[in-house]
Amino acid sequence: MQTLSGKRILLGITGGIAAYKCAELARTLIELGADIRVVMTQTATKFITPLTMQTISGYPISFSCSGKKYSMKHIELAKWPDLILLVPATANLIANMRVGIANDLLSTLILATNTPISIAPAMNQNMYLNRATQENLTILAERGINIWGPKSGKQACGNLGLGRMLEPIQLVERCEVFFQIKCLQGKSILISAGPTHEALDPVRYITNYSSGKMGYALAEAAKLFGAKVTLVSGPVSISKPKNITRISVKSALEMHQTILNHAIKHDVFISCAAVADYRPKTISSQKIKKTDNRTQMNIRLVKNPDIVADVGKLVKNRPFTVGFSAETQNIEKNTLDKLIKKNLDIICANNVACSNQGFNSDYNAITIYEKQKKTQLPLTSKTKLAKAILLYISECL
Ligand code: PMT
């Protein structure tokens with residue numbers, strides 16, 4: 001889904017080892033609909049070839065403002081973008097920006113532009129923590145330059161510390177936030193995620209392979225698009241996302257009660273949790289013992305309430321209700337049955353028989369069904385897919 005559609009981003013690439021990541025950065029920005037132009041310093045060309053960046057961006061790379069053809073290049077380029085992103089922002093570039101040095105095309109256009117500028121610092125941790133760099137960054141921030149990163153981690157020099165450039169995907173997310181695709185501003189979204197645990201005794205439970213990744217990605221995407229998000233999560237090992245209300249539950253009964261308490265206070269409910277359809281009829285208060293004479297054991301199961309169907313039935317203040325459908329066969333028929341039976345507005349079907357998608361994978365492919373319409377969202381990361389699903393929902397509201 002094209003979250004950066006029509007946005008004009010000028011990538012200013014400077015000479016640092018992290019420059020090689022600019023290929024991935026440019027490719028992802030373009031995939032999301034951004035129009036990219038690239039200006040490189042001469043040193044940058046030692047870390048990543050202009051041919052690579054030209055091939056990815058689809059436009060010639062600019063280096064120099066000398067020569068007749070280029071005499072007004074810095075002015076043209078300074079006017080063109082909606083955002084200038086300087087990657088990696090070396091200590092040298094940051095110092096030059098503070099002073100206002102204009103000795104090549106990139107530094108000249110930085111001085112000549114009125115366009116917002118973001119920088120992604122990347123350097124050795126001592127250089128980053130040096131008072132000179134810190135003072136330079138403070139001054140740039142005061143002038144309204146966005147400072148994106150750095151983060152901590154292993155550095156090219158072998159050191160461990162603060163100074164690594166943000167990853168391309170993190171920079172892309174900063175761009176999305178910068179352009180504020182606030183299609184869900186003012187909306188409240190309730191999302192269920194993860195599995196449920198249906199207890200048998202104090203030490204055992206029945207569950208499934210849901211990791212919560214899809215539901216958490218939906219929560220992050222909804223937040224990114226400006227929604228107020230409540231996440232009702234089964235037991236997962238993902239940490240609580242920032243600025244999202246998370247309510248942790250274990251069993252389907254607990255999830256049912258929590259969702260039904262909150263649903264009417266939300267504009268949208270997305271039921272992504274893999275809720276157990278059945279639970280053990282009784283929960284033994286003591287650990288069930290293995291006995292010598294018993295070679296088989298029967299567990300009586302009873303049906304759990306259907307959470308999303310109960311939300312679908314609400315008459316007053318019913319939220320826009322989105323189901324998921326996890327199927328291994330007859331996907332379309334089974335999904336359309338659920339859409340009708342559970343009275344859903346839309347349902348997202350995924351084939352959970354494929355090993356590289358669905359349960360506990362970072363990837364998924366979804367087909368969104370409405371009564372008369374189906375839309376395919378091909379295999380991609382759950383992060384990207386979640387954005388596409390949320391944009392789709394925002395257009396239904
Ligand atoms: O968590 P991940 O590892 O990232 O995996 C993601 C996922 C595969 C779990 C997710 O994409 C998904 O398919 N979630 C729905 C799983 C599921 O329970 O599907 P279902 O077809 O059995 O149920 C249909 C719908 O009814 C779902 O919206 C489900 O949340 C809901 N349901 C089911 C049973 C029940 N008792 N109450 C419910 O609300």
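**Helix packing and sheet arrangement in the predicted model**

The crossing of helices α5 and α8 is left-handed in this structure, which is a predicted model. Residues 91–99 make up α5 and residues 131–142 make up α8; the two helices pack with their axes 9 Å apart and at an angle of about 50°. This angle makes α5 oblique to α8. On the α5 side, the contact is formed by A91, I94, A95, M97 and R98, which meet T133, E135, N136, L137, I139 and L140 of α8. By character, the residues of this contact comprise seven nonpolar, two polar and two charged.

A second element of the model is an open sheet of eight strands with mixed pairing, in the order β12-β11-β8-β13-β16-β17-β18-β19. The edges are occupied by β12 (245–248) and β19 (373–381); each has a single partner strand, so one side of each is left without a neighbour in the sheet. From one strand to the next, the twist averages 15°. In general, strands of a sheet pair through backbone hydrogen bonds, either parallel or antiparallel. The partner of β12 is strand β11 (residues 228–233), and these two pair in the parallel sense over four bridges. Within this pairing, L231 has R246 of β12 as its bridge partner.

Two helices lie across strands of the sheet. Helix α10 (residues 213–224) lies across β8 (188–193), β11, β12, β13 (268–271), β16 (320–327) and β18 (363–370), and runs at about 165° to β8. Helix α11 (residues 252–263) lies across β8, β11, β12 and β13, with a direction at about 170° to β8.

Methods:
Residues numbered from 1 in each chain as written. Predicted model: local features only at pLDDT ≥ 70, side-chain atom pairs only at ≥ 80, totals over all residues. Heavy atoms only, no water. Axes fitted to C-alpha atoms, helices over the stretch in contact; angles between N-to-C directions. Parallel < 35°, antiparallel > 145°, perpendicular 65-115°, else oblique. Left-handed = near helix turned anticlockwise from the far one by under 90°. Contact = heavy atoms within 4.5 Å. Nonpolar A, V, L, I, M, F, W, Y, C, P; charged D, E, K, R; others polar. Pairing = 2+ DSSP bridges.
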